[in-house]
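Please open the model in the viewer and keep the selection panel at hand. The tour proceeds from one selection to the next and says what is there.

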Amino acid sequence: MNQSYNHREIEKKWQDKWSESQIFKTQIDADKKKKYVLDMFPYPSGAGLHVGHPEGYTATDIYCRYLRFNNFSVMHPMGWDAYGLPAENYAIKMGVHPKDSTKKNIENFTKQVKSFGFSYDWDREINTSSPEYYKWSQWFFLLLYKSGLAYKKKAPVNWCDSCKTVLANEQVVDGKCERCSREVVKKDLEQWFFKVTAYAEELLNGLDNLKWPEALKAMQRNWIGKSEGALIKFQITNDKCQIEVFTTRPDTLYGATYMVVAPEHKLVNELKDKIENFDEILLYIEKTKKKSELERTELNKNKTGVLLKGINAINPVNQKEIPVYISDYVLSTYGTGAIMCVPAHDERDFEFAKKFKLEIIKVIESSIENADGAMELSGVMINSEEFNGMSSDEAKEKITKKVGGTLTTQYKIRDWLVSRQRYWGAPIPIIYCDVCGTVPVPEGDLPVLLPEDISDFRPTGKSPLESSISFHSVKCPICGKDARREYDTMDGFVDNSWYYYRYLDPKNENEFCSKQNIEDFMPVDCYVGGAEHAVGHLIYSRFFTKVLRDNKYLDFDEPFPRLINQGLIMGSDGQKMSKSRGNVVNPDDVINEFGADSFRLYEMFMGPLVDSKPWNTDGIRGQRRFLDKIFQYFENFKYGKESNDELLSLLHKTIKKVGNDIENFRLNTAISALMIYFRELSKQNNLSKEYVDSFLIMLSCFAPHISEELWEKLGNKDLIEKESWPKHDDKLAKDEKVNLPIQVNGKFRDMIEVDVEISEDDLRALVLSQEKIKKYVDTKEVSKFIYVKGKICNIIT
């Protein structure tokens with residue numbers, strides 16, 4: 001490796017100069033167009049950055065530098081998602097206070113992030129665990145409370161016995177805690193919730209207008225889970241009780257031959273005196289408590305259940321008595337916690353009916369039948385009295401009306417559980433008074449500080465805040481009598497659901513963000529981060545924004561109109577990086593050996609940003625060699641006056657392509673274009689400024705340190721960052737020839753070079769004269785000759 005390019009010395013030099021000059025400080029200029037480019041901020045783990053973090057950060061940095069060259073005022077901040085279970089679990093593991101470990105981790109992350117030369121505005125840095133920040137998380141809680149969107153109730157909740165805390169549904173992955181991978185069970189507890197369901201329909205419909213990856217939008221649609229159907233009541237025989245069900249298939253009501261209620265359903269307790277086998281039912285309920293929702297609803301699992309002996313329901317459409325079962329595959333949190341079962345037309349019901357030898361009545365006929373199971377399609381009604389012969393879709397509304405049911409819409413999404421029985425989080429701003437009841441903390445008393453007089457914050461199942469003496473020394477804001485505080489803390493997702501507003505106004509002590517700053521920069525123009533936040537952070541952030549809109553703090557619907565998910569950087573073995581596999585790559589080591597510019601170029605050149613890609617150290621060596629060649633070329637370069645028409649045309653094509661590729665985050669092909677241009681540039685000497693300066697300005701988006709160094713070597717006094725993006729001439733950037741793929745009957749057969757402006761008649765004659773094409777069409781008649789100008793040619797025989 002050529003020692004003339006000392007990356008350690010050069011990169012430190014320019015990082016110091018950028019910091020001293022504050023060149024990346026957001027310029028609030030009324031004459032400039034504004035762009036807000038945002039990275040999903042990291043939680044500062046003890047492990048530090050891994051090579052996956054800088055992938056998205058590098059992509060946004062390239063885009064931001066390009067925007068500044070194009071005279072945009074760019075908002076590009078960085079901060080730390082510092083509250084929550086990961087930080088606390090790490091502190092417990094290390095035997096230190098989370099405040100101390102988090103501070104140390106942030107210092108390390110900051111050093112690492114700065115080593116890449118990213119152009120963040122560090123004056124806007126935020127830390128969600130600082131009182132200056134979480135004061136406003138508590139303010140958001142109060143806003144939701146006053147809006148009727150925060151409430152406390154006893155409910156079955158997800159409980160991780162390892163982390164000793166409740167989890168939101170979004171934090172349970174395949175029935176396990178997303179943090180420790182232990183099984184999650186259900187517990188009945190008093191907890192605080194945010195009413196996300198109030199915005200379910202808007203959250204669903206709003207996805208249509210977002211420029212997001214389709215796969216991510218599909219994940220949110222599935223999580224919201226809209227179902228249109230009917231609420232229908234079944235009377236219990238010889239009792240006042242009724243079982244209400246929600247069904248998307250009221251057309252199959254004549255085929256309902258039994259019912260199933262969830263083990264948690266209130267009816268079980270209400271009818272316990274009439275249930276002849278109540279002891280057996282209690283045993284089944286206890287077994288169910290040990291199962292996760294995933295285990296309970298697994299389609300292929302062996303169906304279990306117990307008949308409620310002595311209890312029957314009446315099918316309202318034909319007055320037939322049908323048995324009632326209890327089974328764990330029905331959840332109390334979905335629908336009404338009870339279902340009508342139509343084994344002829346629902347696969348789960350069919351399996352259950354076969355096992356318990358229950359009646360199966362077919363009520364819909366279709367041209368597509370399932371001989372081995374349930375027929376779940378629409379069709380023509382049979383065995384349904386006056387509805388026979390009618391289409392099943394038409395019968396839905398008519399049957400619902402006949403039995404006095406109600407057509408309605410339900411959603412799978414549940415309200416957001418925000419209480420946590422852990423220490424490291426923002427205290428919930430609620431006071432309990434024996435006289436006045438539940439009282440919100442006055443806004444003027446915020447923040448409610450996290451107490452530090454707690455000697456043991458290890459999880460026990462109860463919040464450590466409960467043991468603090470100073471924390472509960474509080475008077476009721478209404479009557480002035482002794483009271484106590486809520487001792488649960490808030491889910492860390494509360495803090496990261498609004499952080500992008502705080503970046504705009506991080507030192508404002510009077511409001512979470514001024515309206516002027518919101519008007520200037522929101523919504524975020526481009527958000528880059530991982531797809532793992534699809535049904536957590538991204539739904540909650542959308543919810544918070546809609547609440548702010550409805551409370552007149554802003555006038556738009558969505559915080560992130562454009563979202564890009566970067567792919568994973570995998571280990572060299574093609575597996576996800578993890579310590580247990582021994583395939584983790586430390587970016588500090590890579591930067592030390594090859595330099596930040598080489599690292600940045602390599603991660604962007606690996607492949608499309610959105611794809612997952614395996615790490616290969618040989619690849620970064622190739623990028624280092626490319627930069628060495630550039631450095632060697634410019635080391636003794638002097639501006640000249642020579643011009644080269646062919647190189648000039650290539651330059652303008654490169655300017656156009658690199659700009660378009662950066663705007664569309666096709667960064668690998670942008671780098672490829674720069675390589676092609678430099679290969680031709682390096683063959684020339686004594687060239688005028690246009691050929692050289694334009695190249696360095698473009699390169700500086702990707703490899704800023706070496707570009708600044710070479711810019712200075714050429715005698716330029718100002719930072720390259722102060723330059724403008726080179727303008728391309730469309731005439732010079734226009735391709736005169738293209739490589740045209742030739743298909744025969746849709747199959748690729750040849751590639752030929754042609755003039756861009758070639759006529760269709762001339763192209764036809766040229767194509768049909770090619771030897772590779774002749775053998776496919778010589779003896780056949782050409783029925784169609786399709787030419788898409790400059791793109792493709794297809795011959796149909």
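Select Gln22 to begin: in this predicted model, Gln22 is partly exposed, because its relative accessible area of 42% falls between the limits of 20% and 50%. Gln22 is found in the loop between helix 1 (7-21) and strand 1 (33-39). Display its backbone as well: phi of Gln22 is near 50°, a positive value in a residue other than glycine. Most residues other than glycine have a negative phi.

Next, select Ser181, in the loop that connects strand 6 (176-177) with strand 7 (184-194). Here too phi is positive in a residue other than glycine, with a value near 65°.

Move on to Asn302, which is located between helix 10 (293-297) and strand 11 (306-314), in a loop. Is Asn302 buried or exposed? Asn302 is exposed, because its relative accessible area is 55% and the exposed class begins over 50%. Add Lys355 to the selection and show both side chains: the side chain of Asn302 makes a polar contact with that of Lys355, at 3.4 Å. The two residues are 53 apart along the chain, and their C-alpha atoms are separated by 9.3 Å.

Two peptide bonds deserve a stop. Select Leu446 and Pro447, which are joined by a cis peptide bond with omega of about 5°. Pro447 belongs to the loop between strand 20 (437-440) and strand 21 (474-475). Then select Met522 and Pro523, where the peptide bond is cis and omega is near 0°. Pro523 is placed in the loop between helix 15 (515-521) and strand 24 (526-529). Most peptide bonds are trans.

The last stop is a sheet. Switch to a cartoon view and colour strands 28, 29, 30 and 31: these four strands form an open sheet, in the order 29-28-31-30, with mixed pairing. Strand 29 (747-755) and strand 30 (784-788) are the edge strands, each pairing on one side only. Neighbouring strands of this sheet are turned against each other by 20° on average, direction ignored.

Within the sheet, which strand pairs with strand 28 (residues 737-744) in the parallel sense over three bridges? The partner is strand 31 (residues 792-796). Zoom in on Val744, whose bridge partner in strand 31 is Ile795.

Finally, add helix 25 (residues 760-768), which packs on the sheet and touches strand 28, strand 29, strand 30 and strand 31. The direction of helix 25 makes about 115° with that of strand 30.

Technical notes:
Residues numbered from 1 in each chain as written. Predicted model: local features only at pLDDT ≥ 70, side-chain atom pairs only at ≥ 80, totals over all residues. Heavy atoms only, no water. Helix = DSSP H or I, 4+ residues; strand = E, 2+ residues; numbered from the N terminus. Buried < 20%, exposed > 50% of the residue type's maximum accessible area, 1.4 Å probe, protein only. Polar contact = N/O pair within 3.5 Å; in protein donor to acceptor, adjacent residues only side chain to side chain. Pairing = 2+ DSSP bridges. Axes fitted to C-alpha atoms, helices over the stretch in contact; angles between N-to-C directions. Contact = heavy atoms within 4.5 Å.
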